[in-house]
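Could you walk me through this structure in my viewer, one selection at a time? I would like to know what to pick next and what to look for there.

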Amino acid sequence: MQHAEEIVTAVQQAGVTGAGGAGFPTFFKLKSRAEVVIANGAECEPLTHVDKELLHHHPADVIRGLKAVMAATGAPKGVIGVKGKYTDLVAKLRAAMADSPELSVAELGNFYPAGDEQVLVYDVTGRVVPEGGLPLNVGCVVQNIETLFNIAAALDGKPVTTKYITVIGAVRNPVTVRVPLGITLRQVIDLAGGATVPDPVVLNGGAMMGEVAGSLDAPVTKRTKVLLVLPNEHQLSVHRRTSRKVFDTQAIAACDQCYMCTDYCPRHAQGHAIQPHKLILLLASGVPMTDAQMAGALLCCECRTCNYACPVHLAPGDIALNIKRDLVKAGLKNPYHNQTEVSSTRDYRRVPMYRLVNRLGLEKYDVEAPLTALNQTYDRVTLLLRQHAGVAAQSAVTIGQTVSIGDVVAAVPGGALGAPVHASIDGTIVEIRADAIVIEGERHAA
Ligand code: SF4
Ligand code: SF4
């Protein structure tokens, strides 16, 4: 295993970022000192299969990536968190780490949101991340499974040029695929045989935390993980079309302050000062959205678990996340930084995944989506310059320049927090936009 600095440099140069969520540049986390590295294989969102499939097909690479993060951060312990229901996978992982006493598998319950980093940290270590804090505050670094896979590749000098994505829902053949960065969402959905419904709604990121894909011509980025294709009239499609004004008005009119939303909030269960029912009370009282009383919303992780908990089908989660985004935009800082304790009822307030799938009307789509190698080729990719948190990368190429897979096409300006972008197909630079670089080339396999 390389030295810590070599690992950090290799990961930085390879453009590795969190392969889901906010896409935080991974090298930065690797510069920290930690006691435990947790590989997040919880598959938090309903109907996602990427983590499980990667662990099944590439356990050695993921374990190698995990060991690299441990080496970089000085952590003596590494844990892979996976759902205990995958008994074959748990056995396979334990066999793969038989000679590594510093590694272990944590069997997670089949509930939502098992993959929330703070929930995961507590379930694996019994440590509570403080309000507004990070796993690092309690000695933990959490890494996504695909990120670990990419770290292992980075150590071999291979930059991030592809993405693993589950395509599921109203498609002919639900599937998990590896595709070049920059192809369109439509092309990915075609790999699953295309949508089976006219005018589908695509939730990019999944049922709970995903966003409606505005255009199927949008490119795949390093953060694309699951495309949930739904009929236009599906309850989730309708929910996402509902305006904020309607959510607010319904809640002000119908919320009876029963407290169920707060009771089921996984962050509140950690003792954090987020109380969605109170936000609705404040809304009803006419307090301005950016009033300091609303500040608890800054502790919301946007999981929407509280939507599930509401007995009268209000949307406290959407209300909380909208207020949070307003506060962030207004520059308000989170005033809560307490080291809290978990609620004694935490373990009785978990949302079983099968109940959630049922409540969301997704039972018929709850099927396997096996990782499948497809001999598909692509002759055009659009590589966004900001596929990650931090500053956008800046073009390092010129129109007409020939590039090969893995060449840097956009670099991070001097020392800033960000990630370089690499060519995902061989070809020629045909367009350099403010937000993206377009490559056209010969057709290449995914
Ligand atoms: S979305 Fe709801 S349940 Fe999730 S953290 Fe925010 S308030 Fe809590
Ligand atoms: S669960 Fe629903 S009705 Fe109860 S307090 Fe929360 S938003 Fe109001």
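Here is a short tour in a handful of stops, made on a predicted model.

**Stop 1: colour by domain.** Start with the protein chain and give each domain its own colour. The domain assignment gives domain 1 as residues 4-155 and domain 3 as residues 241-359. Domain 2 is written in two pieces, 161-232 and 364-374, and domain 4 covers 375-446.

**Stop 2: domain 2 against domain 4.** Now show just this pair. Their C-alpha centres lie 22 Å apart, and 15 residues of domain 2 are in contact with 16 residues of domain 4. Which strand gives the largest share of the side of domain 2 that touches domain 4? Select residues 175-180: this is strand β7, and it supplies 4 residues. If you colour that side of domain 2 by class, you will find 8 nonpolar, 4 polar and 3 charged residues.

**Stop 3: a pair of helices.** Next, select residues 50-57, which form helix α3, and residues 145-155, which form helix α7. The two pack with their axes 9 Å apart, at an angle of about 40°. Why is α3 called oblique to α7? An angle of about 40° is past the limit for roughly parallel, which is under 35 degrees, and short of the 65 to 115 range for roughly perpendicular, so the pair counts as oblique. Turn on side chains to see who makes the contact: from α3 come Val50, Asp51, Leu54 and Leu55, and from α7 come Ile145, Glu146 and Phe149. By class, this contact has 5 nonpolar and 2 charged residues, with no polar ones.

**Stop 4: ligand 1.** Centre the view on ligand 1 and show what is around it. There are 15 surrounding residues, and the closest are Cys265, Cys300, Cys303, Cys306 and Gly317. Helices α13 (305-309) and α14 (316-329) are the elements that give two or more residues to this shell. The largest share, 4 residues, comes from α14. The shell divides into 10 nonpolar, 2 polar and 3 charged residues.

**Stop 5: ligand 2.** Finish by moving to ligand 2. Which residues are closest to it? They are Cys255, Cys258, Cys261, His277 and Cys310, out of 15 that surround ligand 2. Highlight α11 (260-264) and α12 (276-285) as well, since each supplies at least two residues of the shell. Coloured by class, the shell around ligand 2 shows 12 nonpolar, 2 polar and 1 charged.

Technical notes
Residues are numbered from 1 along each chain as its sequence is written. Chains are lettered from A and ligands numbered from 1 in the order in which they are written. This is a predicted model: local features need pLDDT of at least 70, side-chain atom pairs count only at pLDDT 80 or more; totals for chains, interfaces and linings use all residues. A residue is near a molecule or strand if its C-beta atom, placed from the backbone, lies within 6 Å of it. Ala, Val, Leu, Ile, Met, Phe, Trp, Tyr, Cys and Pro count as nonpolar, Asp, Glu, Lys and Arg as charged, and the others, Gly among them, as polar. Axes are lines fitted to C-alpha atoms, for helices over the stretch in contact, and angles run from 0 to 180 degrees between N-to-C directions. Two residues are in contact if their C-beta atoms, placed from the backbone, lie within 7 Å. Domain bounds come from an automatic or database domain assignment.
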